[in-house]
Amino acid sequence: MKNIAVILAGGTGSRMGSSVPKQFMSLAGRTVIEYSIETFCNHPVIDEVAVVVHPDWRGRMEEIVERLKVKGERLKVSRIIDGGSERYMSSLNAIMAYIDEPDDTNLLLHDAARPFVTAEIIDRVVAALKHHEAVGVAVPSTDTVWEVHPDMSGELIVNSEKCEIPRFVARIPERRLMWRAQTPQAFRLPLIRDAYQRALQDPQFQATDDCGVVRKYMPGTKIAVVEGSDRNLKVTTPQDLAALEQILING
């Protein structure tokens with residue numbers, strides 16, 4: 001069984017409000033993406049690492065890989081794959097890059113914006129893949145979660161010179177059942193390949209993550225969940241970078 005870590009770094013920084021994608025921003029003197037590259041490369045059960053990056057930033061990624069080699073880092077980065085305009089396209093490009101691998105190949109798809117994935121999380125994911133075709137990482141929600149629906153028939157609410165559609169609580173799920181998804185999300189290669197093949201036949205196809213694709217298009221497949229970590233934060237705003245730096249300081 002071969003375990004391939006795919007680090008998804010195809011974003012261009014638009015939601016961060018920066019000209020530099022968040023995976024290439026500085027975090028305590030290193031780029032954000034270097035942390036997860038190092039963790040996966042140093043893990044003994046990971047056989048290979050690939051990075052999916054926007055074509056405009058491929059050169060920057062190649063520079064980082066070369067610099068890490070010069071520093072003597074233990075690198076298993078075998079491929080830099082061009083990403084797509086949407087996140088799911090980046091996942092699909094990675095799947096297609098390994099389409100000829102044996103059926104017992106595992107793909108661990110990880111967001112580059114989560115620099116502090118741990119060896120323990122990887123251990124749990126790979127152990128679960130011995131018994132399941134799909135594995136997600138999540139942490140229990142400490143907050144009550146509301147399902148909120150917009151009221152399209154209501155009058156617009158004017159706040160700070162902006163008009164907003166009124167929203168109302170539609171459902172309050174039991175908090176003990178709510179978990180917050182993280183990455184990596186991991187799959188046997190044939191499963192995630194077939195899920196995307198079905199998805200691409202659907203003209204209404206939309207996806208926010210890969211487990212969602214499997215859940216919708218391979219409904220008979222159970223997705224096992226292993227526990228993540230509060231350290232496995234995702235960089236979305238500049239404040240998140242500050243929080244991650246504080247984690248490094250505190251150890």
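This report describes a predicted model of a protein, beginning with its overall form and then turning to one helix and one strand.

## Overall form

The protein contains 7 helices and 13 strands. Along the principal axes, its C-alpha atoms fill a box of roughly 60 × 45 × 35 Å. The radius of gyration is 19 Å, which agrees with the value near 18 Å that a compact globule of 251 residues would have.

Of the 251 residues, 45% are buried. Here, buried means under 20% relative accessible area, and exposed means over 50%. The protein exposes about 13,300 Å², and carbon and sulfur atoms supply 50% of that area. Among contacts with a separation of 6 or more, 73% are between residues 24 or more positions apart.

## Helix H2

Helix H2 covers residues 58-70, 13 residues in total. From its first C-alpha to its last it reaches 19 Å, close to the 18 Å expected at 1.5 Å a residue.

Which residues of H2 are buried? They are Met61, Ile64, Val65 and Leu68. Seen down the helix axis, these buried residues fall within an arc of 95°, so they line one face of H2. The general geometry of a helix helps here: an α-helix has 3.6 residues a turn, so residues three or four places apart point the same way. On the other side of H2, Glu63 and Val70 are exposed.

The buried residues of H2 pack against four elements of the structure: strand S3 (30-31), helix H1 (32-42), strand S4 (48-53) and strand S5 (77-82).

## Strand S6

Strand S6 runs over residues 105-111, and 7 of its 7 residues are buried, so the strand is largely enclosed by the rest of the structure. In a regular strand the side chains alternate between the two faces of the sheet. In S6 both faces are covered. Thr105, Leu107, Leu109 and Asp111 are buried on one side, while Asn106, Leu108 and His110 are buried on the other.

## The partners of S6

Which way does S6 pair with strand S1, parallel or antiparallel? S1 (residues 2-9) and S6 pair in the parallel sense, over 7 bridges. One of the residues involved is Ala5, whose bridge partner in S6 is Leu108.

S6 also pairs with strand S12 (residues 179-188), in the antiparallel sense and over 4 bridges. For Leu109, the bridge partner in S12 is Gln185. Both Leu108 and Leu109 are among the buried residues of S6, and they lie on opposite sides of the strand.

Technical notes
Residues numbered from 1 in each chain as written. Predicted model: local features only at pLDDT ≥ 70, side-chain atom pairs only at ≥ 80, totals over all residues. Heavy atoms only, no water. Helix = DSSP H or I, 4+ residues; strand = E, 2+ residues; numbered from the N terminus. Expected span 1.5 Å × (residues − 1). Buried < 20%, exposed > 50% of the residue type's maximum accessible area, 1.4 Å probe, protein only. Arc of directions from axis to C-beta. Contact = heavy atoms within 4.5 Å. Rg over C-alpha atoms; globule rule 2.2 N^0.38 Å. Areas by Shrake-Rupley, 256 points an atom, 1.4 Å probe, with all protein chains shown as cover. Pairing = 2+ DSSP bridges.
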